[in-house]
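Me: I'm new to this one, could you walk me through it?
Reply: Gladly; have a look at it first.

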Amino acid sequence: MTQTAVIPDVSVGRGARRASRGRGNAIDTARKKLFVPFVGPALLFYSVLFVAPSVYAIWISFHKWPGSGPMEFVGIGNYVELFGDKLFLQSFSNTLLLLFVVGIAVFAVSFGLTLVLRDMAGRKIARSVIFFPHLVNAMIFGVLAGFVLNPGGLVNTLLGWAGVADPPAWLATENLFPLIMVMLTWITTGYYTTILMAGVDRIPPYYYEDCALAGANAFQRLRYVILPLTWDVFGTCAVLWTISSVKIFEIIWIFGGSTGQGIPPTRTWSTAVYTYVTAFSGESIPAYGMASASAILSLALVSVLVVLLRRVMKRDAIEF
Amino acid sequence: MAKIRKLSALALISALALSATGCAAGADGGQDSGGTLTYWSMWKEGEAQQKVLAAAIADFTAETGITVDVQWQGRDSVKKVVPTLNTNNVPDLIDSSFAKLAPVLATSGQARELTEAYASDVEGEKISDLIPDAYLADTDITREGEEVPWMLPYTLTSDAIWFNAATHPELESAPPKDWNAFLAELDTLKAANEVPLAIDGDVSGYNAYWYTAALVHITGPGAMKKIADDHSGKAWEGADAVKAAEAVQQLVDGGYFISGYNASKWPAQQQAWADNQAALLYNGTWIPTETASYAASDFQYSSFPFPTIDGDKQFSRADFIGFAVPVKAKNAENAQRFASFFLGKKYQDALGTDAKILPVRSDAATSPEVASVKKALEEADAFYVQNDGITLPGYAEKLLYPTIDQLVQGKLSAADFIAAMASGQADYWKQNS
């Protein structure tokens with residue numbers, strides 16, 4: 001609904017602007033007058049609470065600073081160090097793995113579920129069930145992982161009954177990151193399924209009737225009806241996932257970090273965890289400059305990817 | 001236009017209101033009537049330690065008329081203090097462990113020398129006499145060029161090799177003194193079909209205890225800190241560092257650790273230990289309190305100190321928890337007054353008996369669970385702190401812990417561990433010098 005409401009509005013705005021260049025009209029003048037009072041407060045708050053701290057973070061990233069006392073200017077030194085730090089590069093590649101591998105898995109599963117759930121009986125209940133993991137605090141999964149996957153946990157007990165004498169070491173350091181990726185896919189799928197389903201539900205039934213009349217098979221229906229009409233929803237979901245995946249923190253922290261007992265193993269770190277440990281590990285002198293540099297790089301990554309995504313996904317909005 | 005003016009006025013008013021709240025907070029913290037102090041505590045409401053402190057605060061206010069504005073912040077209190085250090089609105093008094101206070105307060109010059117506190121007395125005894133000299137001699141709580149410590153400890157944590165005295169009375173009467181006797185004991189346990197050692201291998205700090213303790217017991221306190229300062233990393237190839245790594249490797253190769261220790265989540269293995277599924281657990285003085293709720297019935301906590309390795313010197317870990325006062329504190333005098341007040345015998349006894357931790361005063365009461373640790377501390381030749389006092393930015397989290405993890409989990413041999421530390425440290429200093 002919002003989409004249909006917004007789209008004509010935007011086109012009116014564009015039309016009006018174009019018209020004003022020629023001769024100007026009363027509505028446009030009134031609109032111009034209202035621009036500052038309406039946008040001003042939001043812009044002010046946004047600048048004070050978000051833009052200014054971000055700019056300050058960029059400033060900090062050019063310094064060596066333990067959080068208090070004098071700052072020592074090092075130019076781009078922190079960035080150079082970051083790219084020379086194997087651990088940062090590993091954290092960065094973990095972030096990319098989360099973004100792309102988990103992202104593709106989430107979208108594939110969500111889209112599959114959407115198609116299955118579209119005309120399934122009891123789909124409202126099914127939808128709630130799928131959405132449920134997203135409501136649960138990541139902390140619970142961390143604790144649960146211990147119960148289920150510890151050497152004497154549920155999984156190994158079941159395997160023992162099934163006659164497996166030497167079960168895998170599920171929570172060994174090298175297995176943690178793949179486990180985190182699986183867990184994350186499971187948690188996130190419901191969320192995107194819900195959004196995609198809302199998009200699919202929006203498609204008026206007469207298109208499907210039309211397909212049936214034209215003798216289109218399931219794939220053709222997907223190709224010519226569902227995909228084009230939910231493309232904008234896909235685009236939005238892709239942007240949402242990009243932004244949230246670069247910030248993934250708590251699931252890694254809790255999955256590997258023994259529920260608050262220390263820091264997770266470095267092999268599971270994402271850039272967000274790297275940033276946090278660099279600034280707030282609590283057991284060594286904080287390196288705020290380095291942490292800010294790492295955070296700024298994450299922000300840059302998100303910005304570039306979002307711009308690229310918007311480019312790639314750009315289609316004319318279809319009104320229906 | 002009227003509308004615009006109205007809206008701009010609204011925006012202006014909200015901006016003013018926002019800055020006014022900022023000012024108000026500033027003014028609040030700035031009250032310097034001499035009758036208040038702000039204290040951010042590392043304890044959480046409901047903890048035994050918090051109850052002792054709350055009682056002391058009530059007594060302090062009744063006695064001096066100074067009101068204490070206390071906030072029970074929990075373990076992250078120091079992280080929350082850091083941003084305030086750049087403002088004029090710092091808490092007057094904070095407390096935490098030495099390991100957390102030192103990197104953010106002491107190294108950046110943000111901690112005050114506690115001259116008044118150390119010069120004052122409580123119940124007729126001078127504060128400086130209440131802290132055992134041996135602790136002050138070995139630990140870093142006085143900065144270079146200063147006379148008086150920046151920290152006033154009120155309790156300390158140490159570590160020990162814990163066991164159940166009900167099932168292993170022989171360990172209480174004749175604990176293994178040196179490394180070879182310790183290994184022999186582990187073999188005896190193994191031969192009796194017992195799991196000798198429990199360890200939660202996912203907690204890097206616990207893995208690091210083994211290597212740090214081994215190295216300190218070979219070379220002495222400060223050994224690892226000195227090695228960490230070597231920019232070439234070659235110091236890791238020294239005989240002592242290698243020997244300590246080999247000692248840890250002996251434990252791995254001997255198969256003494258509980259099965260699955262490298263693929264479990266804390267507290268699985270310490271639970272197994274408390275359930276008598278393993279004989280020994282090398283861990284901190286909080287273990288009796290932490291494992292009490294799931295320990296087997298009739299579990300009797302007892303411990304012996306980490307065995308000597310080279311020579312017969314016994315070193316004990318002594319990590320202080322105590323008060324510090326930021327340089328910018330406005331009520332620094334009141335803060336120091338409360339800090340010394342809290343060293344009163346009554347509160348020290350309560351910390352020992354109610355909270356079951358180790359009070360810093362040697363004449364304070366302790367609970368029977370930690371009596372063996374207190375004895376070890378009294379007999380120790382010298383003391384060392386967690387990670388041997390290394391506070392270099394990111395060193396422990398990014399280099400030392402991950403590498404020791406691999407040694408303890410059996411993924412690196414002693415030789416590979418040394419090589420990894422040497423090259424890792426060279427890289428570290430290349431980046432951080």
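**Domains and contacts**

Reply: The domain assignment, automatic or from a database, splits chain B into domain 1 (29-149 + 320-370) and domain 2 (159-318 + 386-432). This is a predicted model, where local features need pLDDT of at least 70 and side-chain atom pairs count only at pLDDT 80 or more, while totals for chains, interfaces and linings use all residues. Residues are numbered from 1 along each chain as its sequence is written, and chains are lettered from A and ligands numbered from 1 in the order in which they are written.

Me: How many residues of domain 1 of chain B are in contact with domain 2 of chain B?
Reply: There are 14, in contact with 9 residues of domain 2 of chain B, where contact means C-beta atoms, placed from the backbone, within 7 Å. The largest share of that side of domain 1, 3 residues, comes from α4(B), helices being DSSP runs of H or I, at least four residues, numbered from the N terminus.

Me: And how far apart are the C-alpha centres of those two domains?
Reply: The centres of domain 1 and domain 2 of chain B lie 30 Å apart.

Me: Switching topic, is D229(B) buried or exposed?
Reply: D229(B) counts as exposed, because it has 12 C-beta neighbours inside 10 Å; the cut-offs are 20 or more for buried and 12 or fewer for exposed, with partly exposed in between, using C-beta atoms placed from the backbone.

Me: Where is D229(B) placed?
Reply: D229(B) is in the loop between α11 (223-228) and α12 (239-253) of chain B.

Conventions:
Helices (H or I, at least four residues) and strands (E, at least two) are DSSP runs, numbered from the N terminus. Two residues are in contact if their C-beta atoms, placed from the backbone, lie within 7 Å.
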